[in-house]
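Here are a few short exercises to work through with the model open beside you. Try each task on your own before reading its solution.

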Amino acid sequence: MKCAWMRQGCAMLVVALIPGSATAEIYKCMQEGKTLYQDQPCRGAGSAAVVLSPETSAASPPVTGGEDRLLRLKAYVNEMAKERRKREIAYEISGLEREITRYERAENNELAALTDKKGYNYHNLDAAGWQREWVLKSIDMEMRSVTEKYTAMKQGARDRVSRLQKEVADIDRPR
């Protein structure tokens, strides 16, 4: 994850450093030991150096071939972002699948405990037949409640997994 951010940052830095054309020039002239900056070429004796204006060098179009390079770089950055998102989705899906497995395990544990309780009450309840029937029905209702609770939780996780899988398919779809 950190490596992807570093690549993206480096790509953006390269884009920022692509040189511009020299449409607005500033001349640095040395005359009599003094440094002068002007918008016209130096006169007389003195050295001259062309310096690009920072405002215009960033705003001007890149040199020949630079646009193509910039487009390729943008495409590469976009592809890296897509791959990062697909990795994030895969990580989230694996977490949801582990969660579904935990729900199933917890549901089975609760149902096993209720089944044991039901068996114990069926064989060891010293009460009238109607009382025994009432206790067993309440345990059955409890078991249905547990099943419904975990079914809803598992279905919510499965729905999220299917939405994430659809998002991956949308990422891979050509535009």
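**Exercise 1: The overall layout**

The protein chain has 4 helices and 3 strands. The model is a predicted one.

Task: Find the pattern that the protein chain follows along the sequence, and find what percentage of its residues count as buried.

Solution: Start by reading along the sequence, which gives α-β-β-β-α-α-α. Next, turn to burial: of the 175 residues, 21% count as buried. Then look at the surface, where the protein chain exposes about 12,800 Å². Carbon and sulfur atoms supply 57% of that area. Finally, consider contacts with a separation of 6 or more: residues 24 or more positions apart account for 65% of them.

**Exercise 2: Checking a helix**

Task: Work out what span the 44 residues of α4 should have, and compare it with the distance between the end C-alpha atoms.

Solution: Use 1.5 Å times one less than the number of residues. For α4 this gives an expected 64 Å, and the end C-alpha atoms are 64 Å apart, so the two values agree. Now see which side chains to look for along the helix: the buried residues of α4 include Val135, Leu136, Ile139, Met143, Val146, Tyr150 and Lys154. Ala157, Val161, Leu164 and Ile171 are buried in α4 too. As for what covers the buried residues of α4, the cover includes α3.

**Exercise 3: An aromatic pair**

Task: Identify the aromatic pair in the structure and say how its rings are arranged.

Solution: The structure holds 1 aromatic pair. Its members are Tyr103 and Tyr150, with 6.5 Å centre to centre and 50° between the planes, an arrangement that counts as tilted. Tyr103 belongs to helix α3 (residues 66-124) and Tyr150 to helix α4 (residues 129-172), so the pair ties together parts that are 47 residues apart in sequence. To finish, check burial: both Tyr103 and Tyr150 are buried.

**Exercise 4: Two residues of α3**

Task: Decide whether Glu107 is buried or exposed, and then do likewise for Ala113.

Solution: Begin with Glu107, whose place is in helix α3. Its relative accessible area is 7%, so Glu107 is buried, given that buried means under 20%. Leaving out residues up to four places away in sequence, Glu107 touches Val146, Thr147, Tyr150 and Lys154. Move on to Ala113, which also lies in helix α3. With a relative accessible area of 45%, Ala113 is partly exposed. As a last step, find Met143, 30 residues from Ala113 along the chain: the C-alpha atoms of the two are separated by 9.7 Å.

Key. Residues are numbered from 1 along each chain as its sequence is written. This is a predicted model: local features need pLDDT of at least 70, side-chain atom pairs count only at pLDDT 80 or more; totals for chains, interfaces and linings use all residues. Side-chain values use heavy atoms; hydrogens and water are left out. Rings of Phe, Tyr and Trp (its six-membered ring) pair if their centres lie within 6.5 Å; planes under 30 degrees apart count as stacked, over 60 as edge-to-face and the rest as tilted. Helices (H or I, at least four residues) and strands (E, at least two) are DSSP runs, numbered from the N terminus. Buried means under 20% relative accessible area, exposed over 50%, partly exposed in between (1.4 Å probe, protein chains only). Contact means heavy atoms within 4.5 Å. Accessible areas come from the Shrake-Rupley method with a 1.4 Å probe; for residues, only the protein chains shown count as cover.
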